[in-house]
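Work through the exercises below with the sequence and the model open. Each task is followed by a solution in steps.

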Amino acid sequence: MSDEDFMRAALTLALQAEQAGEVPVGAVVVKDGEIIGRGCNGPIGRHDPSAHAEMLALRDAAQHMGNYRLVDCDLYVTLEPCLMCVGAMFHARIKRVVYGASDPKTGAAGSVMNLFEEQRLNHHATVQGGVLAEECGSILRQFFSARRAQQRA
């Protein structure tokens, strides 16, 4: 499977988050070409500020692996990860992070800051942004546009 295939799997999860009233972000963790962890945004429904799609996908993958270290795993997420999620990826030893849309407000993979380039940190992952960026960004734009329209009504 290709990066686009795994991002499409994450997009499917983003749509599940949207159907649940959450910001539409989805993530998958991949090892040896197989999805071993899945997550979609859940902070609102779970009453948990840490229930970002990436965090839930990491937790799912760790349970699957029976280890909190996810060595040689890749993480695909529809939105550029935030500071909290990048920190969790470092602790899990994620090898590669692939994201769709950039996040100019909280992105910690290049938009606001790039923790992946911080040499003082003890782990580094490779990062690739922009995979299916238009599709990933479009879902988010439509979600927030509909939310603003509801607030005006």
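**Exercise 1.** Find the residue of strand 4 that stands opposite Leu 79.

Solution. The model is a predicted one. Leu 79 belongs to strand 3, which spans residues 73–79. Across from Leu 79, in strand 4, stands Ala 101. Strand 4 covers residues 96–101 and pairs with strand 3 in the parallel sense, over five bridges.

**Exercise 2.** Place this pair in its sheet and state which strands form the edges.

Solution. Strands pair through backbone hydrogen bonds, either parallel or antiparallel. Here five strands form an open sheet in the order 2-1-3-4-5, and the pairing is mixed. Strand 2 (34–40) and strand 5 (126–128) each pair on one side only, so they are the edge strands. From one strand to the next, the twist averages 15°.

**Exercise 3.** Determine which strands helix 1 and helix 3 touch.

Solution. Take helix 1 (residues 3–19): it packs on the sheet and touches strand 1 (26–31), strand 2, strand 3, strand 4 and strand 5. Its direction makes about 145° with that of strand 1. Next take helix 3 (residues 53–65), which packs on the sheet with contacts to strand 1, strand 2 and strand 3. The direction of helix 3 makes about 140° with that of strand 2.

**Exercise 4.** Describe the largest pocket and its lining.

Solution. The space in the largest pocket is about 450 Å³. Its lining has 21 residues, and those closest to the centre are Val 23, Leu 79, Asp 103, Thr 106 and Phe 144. By type, the lining divides into 11 nonpolar, five polar and five charged residues. Helix 5 (residues 133–152) gives the largest share, four residues.

Methods
Residues are numbered from 1 along each chain as its sequence is written. This is a predicted model: local features need pLDDT of at least 70, side-chain atom pairs count only at pLDDT 80 or more; totals for chains, interfaces and linings use all residues. Side-chain values use heavy atoms; hydrogens and water are left out. On a 1 Å grid over the protein atoms alone, a cavity is a set of points where a 1.4 Å probe fits but cannot get out, and a pocket is an open set with protein on both sides within 12 Å along at least five of seven lines; lining residues have an atom within 4 Å of a point. Grid points are joined across faces, edges and corners, and a volume is the space filled by probe spheres set on the points. Helices (H or I, at least four residues) and strands (E, at least two) are DSSP runs, numbered from the N terminus. Ala, Val, Leu, Ile, Met, Phe, Trp, Tyr, Cys and Pro count as nonpolar, Asp, Glu, Lys and Arg as charged, and the others, Gly among them, as polar. Two strands pair if DSSP finds at least two bridges between them. Axes are lines fitted to C-alpha atoms, for helices over the stretch in contact, and angles run from 0 to 180 degrees between N-to-C directions. Contact means heavy atoms within 4.5 Å.
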